[in-house]
Amino acid sequence: MRSSPRANLITAAVMFLIGAAVLVSLRETPDVPVEDPLGPYGLPRALAVGLVAVAALIAAQAWWSALRPPRRPPPVTEDATAEPEAEEPAPAYLHGGLTIAVTVGYALLLPVLGFVAASLAFGIALLPVLGTRRLRTILAVPAIAVAGLWLVFAYALDVGLPTFPR
Amino acid sequence: MLENLPDAFAAALHPRAMMFIVLGMVAGIVLGAMPGLGPTMGMAILLPFVVQTDPQYGIFLFSAIIIGAGFGNALPAVFVGIPGTPSALLTVAAGRPFALRGEGGRALLVSLFGASVGQVFGVLAFLFLITPLVAFSTQFLFPEFFALELLGMTAAAALMGRNPVKGVGAMLIGLLIALVGPDPVTGQPRLTFGVDDLDQGIEAVPALIGLLALRELFISPALGVGAKLKDARRGTIRLPRPRKDDLIEASGPAAVGSAVGLVIGPLPGAGPTTASFISYRLASLPRRWRRRPEEGSIPGIAATDASQNACGTSSLIPTLALGIPGDPADVLILAALTAQGLIVGPQLAQSDPTLLPAVGAGLLISTVLMIVIGYLAIWPSAFLASAPQRFITFVAIMAMITGAYAYRQSMVDVWVCLGAGLLGYAMWWADLPVAPAALALVLGSMAESDLRRGLILTDGFGGFVSRPITAAILAVIAAILVGSIARSVTAARRRSV
């Protein structure tokens, strides 16, 4: 998706913070002898400096594009043959955010409730977020899917899935 | 390569190998036919299991998925009007009008023909080019390998996405993640920030599942993909019968599309979408191939589908010969091989001389199977194309989380997968391309090891960069970076007042 100058500034700030955090974590010298000119910390340091430089460039680009707004498209005449470019609809971040939150909850519940119960709870929580409204569907789809996946992983692939602690 | 083909065919026709190929083909067609999934996501789900099988079977499975998806993505494009993968965007323009007048099966048969032609060209290129390329790369030592790995990552960073600076940023983030954990030369832990679970580093397999696949499922609810599918009108579904006239009309454009795919495929960052757009344009240049938009276009379908399949197969050449993947799906093949301890490139041919000929034979068998299974799959897959997106999202997230856990039966891998998914979502929000980060994640520690061993071998940076092949590759990297930045600046100037 195309990002705004504000989003680019936030991106640059996050990149700068990552680079700075890496440089701070590598400020000490390695406690082992090194044979090559780089040593264990040389490349991570160089990459962190690179990331800080990229952050500065992205911030400069954001500043530049904020100063010079994009050119307005020419007015469309009736005899124009080319199709106008479709505008990207604004993303519904709430849906994406809720999907992420429910998935994080699933990962937290997996070791606590075990695969079957946590996956059923995950399905029952996620399907309404994704737009399912019928209660029967909300209960039936997770039950069928969990049974299918459990058969595939536990039986066909012989993978030990998390179980409810005894 | 060619002299080993009889033995390679015997290996590829083994019942277990055939099972992987058939499974991959069916999975590829199904994944391609379901908008929002795609081959990369399916391969990411299967990655934890593939690394536990024979490397040969893993490549059979993954290459069959790529080949199957190259045709499968045309099914929703024609029947529903939504491309299964972005590379099938122009198959909608060329094929959807056929479905609207009840001839969807005819369009799909042309698509299958085009995909088969592209596939044959791709396999021939693989068989004839991989051995010379591997032979050439036997001259490489640590400095050349580092330069090649840097070339792959830089090309992905500079060419994927709209802004090369952001591409380089994504690559640096991927590299820093790859370097978390013990130093490859001294074993000294780095970048762990006091977290004990990071002392052994971040496993690439669960991280790639999150970065390439889970993030797509986080993005699709935000983009309302399910609602778009629900609104789409389904065309009439009929089992097709081959028409001789259509196949004759399609053969020229299919050859053109195949040639474009062969050239684009090995270029890192270009990918099947670029190939299909160029092919479609070329297929509309000669007057006898031009059609009115409302008619649909047999040459257009044949050219785009041939280019996608030729591109998908030819991109395996640099992936396996040099370790430079053409697109994210190839990154997963590379990840599967490296997770099994295999080093891609000349060492691959030396450590397992049967592998590359067997891959060639497997690709040929996959091509034949694509024609048979693709034809049989046309009717049932048309229903898959309109399956409710929300159910697919739920099952796919559950399968990915469980797959990440199953890799080492560890919750740490689940959190790595989830963290990488969140990172991927944040990168989408920030318009950072994800492929350079994924590639850096796979190649990062190998590149560091090659750089440092190369520096020891050549006695410092001066000796390192004065080696002719290394210097030539570094010059290509510089040219790619300068060229893409210049292109980006020109585009920005055009956009501004």
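Helices (H or I, at least four residues) and strands (E, at least two) are taken here as DSSP runs, numbered from the N terminus. With that in hand, B:T367 can be placed in helix α18 of chain B, which covers residues 355-384. Before going on, a word about the ground rules. This is a predicted model, in which local features need pLDDT of at least 70 and side-chain atom pairs count only at pLDDT 80 or more, while totals for chains, interfaces and linings use all residues. Residues are numbered from 1 along each chain as its sequence is written, chains are lettered from A and ligands numbered from 1 in the order in which they are written, and side-chain values use heavy atoms, with hydrogens and water left out.

Let us stay with B:T367 for a moment. At a relative accessible area of 4%, B:T367 is buried; the cut-offs are under 20% for buried, over 50% for exposed, and partly exposed in between, using a 1.4 Å probe and protein chains only. What does B:T367 touch, leaving aside its neighbours within four places in sequence? Its partners are B:S116, B:Q119, B:V120 and B:V123, where contact means heavy atoms within 4.5 Å. B:G122 belongs to this part of the story too: its C-alpha atom and that of B:T367 are separated by 10.0 Å, although the two residues are 245 residues apart along the chain.

Now step back to chain B as a whole. Chain B has 23 helices and 2 strands, and 61% of its 497 residues count as buried. Among the contacts in chain B with a separation of 6 or more, 81% come from residues 24 or more positions apart. Its accessible surface comes to about 17,600 Å², with 66% of that belonging to carbon and sulfur atoms; such areas come from the Shrake-Rupley method with a 1.4 Å probe, and for residues only the protein chains shown count as cover.

Next come the charged pairs. Side chains of opposite charge can pair when their charged atoms come close. The rule for a salt bridge asks for a side-chain nitrogen of Lys or Arg within 4 Å of a carboxyl oxygen of Asp or Glu, and over all chains the search finds 9 of them. One of these joins B:R467 to B:E144, with the closest N and O atoms 2.8 Å apart. This pair links distant parts of the chain, 323 residues apart: B:R467 sits in the loop between α22 (461-465) and α23 (468-495) of chain B, and B:E144 in helix α8 (residues 142-159) of chain B. B:R467 counts as partly exposed because its relative accessibility is 22%, whereas B:E144 counts as buried at 2%.

Another pair to look at is B:E448 with B:R190, whose closest N and O atoms are 2.6 Å apart. B:E448 lies in helix α21 (residues 434-458) of chain B and B:R190 in strand β2 (residues 189-190) of chain B, so the salt bridge ties together parts that are 258 residues apart in sequence. Relative accessibility is 1% for B:E448, which counts as buried, and 2% for B:R190, which also counts as buried. B:E448 has a second partner in B:R452, at 3.3 Å from N to O. Both B:E448 and B:R452 lie in helix α21 of chain B, 4 residues apart, about one turn of the helix. Like B:E448, B:R452 is buried. Which residues make up the network of salt bridges here? B:D183, B:R190, B:E448 and B:R452 are linked in it.

Chain A comes next. Its secondary structure comes to 5 helices and 0 strands, and 31% of its 166 residues are buried. Residues 24 or more positions apart account for 58% of the contacts in chain A with a separation of 6 or more. The accessible surface of chain A is about 10,500 Å², 67% of it on carbon and sulfur atoms.

Finally, look at where the chains meet. Here 73 residues of chain A are in contact with 60 residues of chain B. The two chains bury about 5,800 Å² between them, 76% of it on carbon and sulfur atoms; buried area is the accessible area (1.4 Å probe) that two parts lose on being put together, summed over both. How many salt bridges does the rule find across this interface? The count is 0.
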